[in-house]
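Please open the structure in your viewer and keep the sequence panel beside it, as this tour moves from one selection to the next and says what is to be found at each stop.

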Amino acid sequence: LTDAGLSLLPRARACLAEAAACARVVRGEDDPPPVELTLGTRFELGMSWIVPNLPRLAAALPRATIHLYFGSGHEIVDRLRAGLVDCVVTSARLDDRRIVGERLHDERYAFVGAPALLADNPLARPEDAARHVLLYIDARTPLFSYFVGAPTAPALARFGGHRWLGLGAAVKERVLAGAGVAVLPLYMIEAELKAG
């Protein structure tokens, strides 16, 4: 071998050994190598659905280490595009053909307000919205954009005001305090709805 060939030899041997290891895994002769994945998700979705299922996921995929990244729906999709997370669980619209998506489950929502607030200021007709503040995470949150983009747009203009609170849990707390009305996922408010 030339000097260049001799310097390449250790790398070539390492490549061939790795290819042989891959072939053994494919044939089922070796255990698959450990895998690390970073999963991006929204805070509420992650805390209500992903985190409680981490033990089941670990049992189903014992060689996988799952790292979590929490962010807004739009932010985690941007991180996916940039390769900063491996996959995401979100309710954001995915209109990027480079991203493959699967529906995991339907998410149901309710338009809610505190009973005392709605007793003082009923919200039975569209024109009643002017007496209410709409609470939401931010203007880029998917559900809000669906609401504003509805055929009745500009729906936001019908409300007496709006407040971005950055987090669904914060929106829920402010709704319970009577500070406004909001659209929230049912899983987050089922207990409160049952209690009235």
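Throughout the tour, a residue is called buried when its relative accessible area is under 20%, exposed when that area is over 50%, and partly exposed in between. Please also keep in mind that what you are looking at is a predicted model.

**First stop: a pair of charged side chains**

Select Arg 27 and Glu 29, whose side chains meet in a salt bridge, with 2.8 Å from N to O. Glu 29 counts as partly exposed because its relative accessibility is 48%, while Arg 27, at 54%, counts as exposed. As a general point, side chains of opposite charge can pair when their charged atoms come close. Across the structure the count of salt bridges comes to 8, and some others will be visited further on.

**Second stop: the open sheet**

Now select residues 35–41, which make up strand 1, and look for its pairing with strand 2, which is parallel and runs over 7 bridges. To see one place where these two strands face each other, pick Val 35, which stands opposite Ala 64 in strand 2. In general, the strands of a sheet pair through backbone hydrogen bonds, in either a parallel or an antiparallel arrangement.

Widen the view to the whole sheet: it is open, it is formed by 3 strands in the order 2-1-3, and the pairing is parallel. Strand 2 (64–70) and strand 3 (87–89) are the edge strands, each of them pairing on one side only. From one strand to the next, the twist averages 30 degrees.

**Third stop: helices on the sheet**

With the sheet still shown, add helix 2 (residues 43–50), which packs on the sheet and touches strand 1, strand 2 and strand 3, its direction making about 125 degrees with that of strand 1. Then add helix 4 (residues 73–81), which also packs on the sheet with contacts to strand 1, strand 2 and strand 3, and whose direction makes about 165 degrees with that of strand 3.

Which residues of helix 2 are buried? Select Glu 44, Leu 45, Gly 46 and Ile 50 to see them. What covers the buried residues of helix 2 includes strand 1, strand 2 and strand 3, together with helix 3 (54–60), helix 7 (168–176) and helix 8 (186–195).

**Fourth stop: a charge network that reaches helix 4**

Return to helix 4 and select Asp 78 and Arg 81, which both lie in this helix, 3 residues apart, or about one turn. The two form a salt bridge in which the closest N and O atoms are 3.2 Å apart. Asp 78 has a relative accessibility of 34% and therefore counts as partly exposed, and Arg 81, at 36%, counts as partly exposed too.

Next, add Asp 96 and Arg 98, which form a salt bridge with their closest N and O atoms 2.7 Å apart. Is each of these partners buried or exposed? Arg 98 is exposed, with a relative accessible area of 68%, whereas Asp 96 is buried, with a relative accessible area of 11%. Salt bridges that share partners join Asp 78, Arg 81, Asp 96 and Arg 98 into one network.

**Fifth stop: a charge over a ring**

Select Tyr 69 and Arg 79 together, and turn the view until the ring of Tyr 69 can be seen from the side: Arg 79 lies over its face, at 3.9 Å from the ring centre. Should you wish to look for pairs of aromatic rings as well, a search of the whole structure finds 2 of them.

**Sixth stop: strand 4 and strand 7**

Move on to strand 4 (residues 109–112), where the side chains alternate: Ala 110 and Val 112 point to one face and are buried, while Tyr 109 and Phe 111 point to the other and are not. Strand 4 runs antiparallel to strand 7 (residues 182–185), and 4 bridges join the two. Follow Phe 111 across to its bridge partner in strand 7, which is Val 183. Val 183 is buried, with a relative accessible area of 16%. From C-alpha to C-alpha, Val 183 and Glu 173 are 13 Å apart in space, and in sequence they are 10 residues apart.

**Last stop: a long view**

Finally, select Leu 6, which lies in helix 1 (residues 3–26) and is partly exposed, with a relative accessible area of 48%. Add Asp 128 and zoom out until both can be seen: Leu 6 and Asp 128 are 122 residues apart in sequence and 81 Å apart in space, C-alpha to C-alpha.

Technical notes
Residues numbered from 1 in each chain as written. Predicted model: local features only at pLDDT ≥ 70, side-chain atom pairs only at ≥ 80, totals over all residues. Heavy atoms only, no water. Phe/Tyr/Trp six-rings, centres within 6.5 Å; stacked < 30°, edge-to-face > 60°. Lys NZ or Arg CZ within 6 Å of the ring centre and 35° of its normal. Pairing = 2+ DSSP bridges. Axes fitted to C-alpha atoms, helices over the stretch in contact; angles between N-to-C directions. Contact = heavy atoms within 4.5 Å. Salt bridge = Lys/Arg side-chain N within 4 Å of Asp/Glu carboxyl O. Buried < 20%, exposed > 50% of the residue type's maximum accessible area, 1.4 Å probe, protein only.
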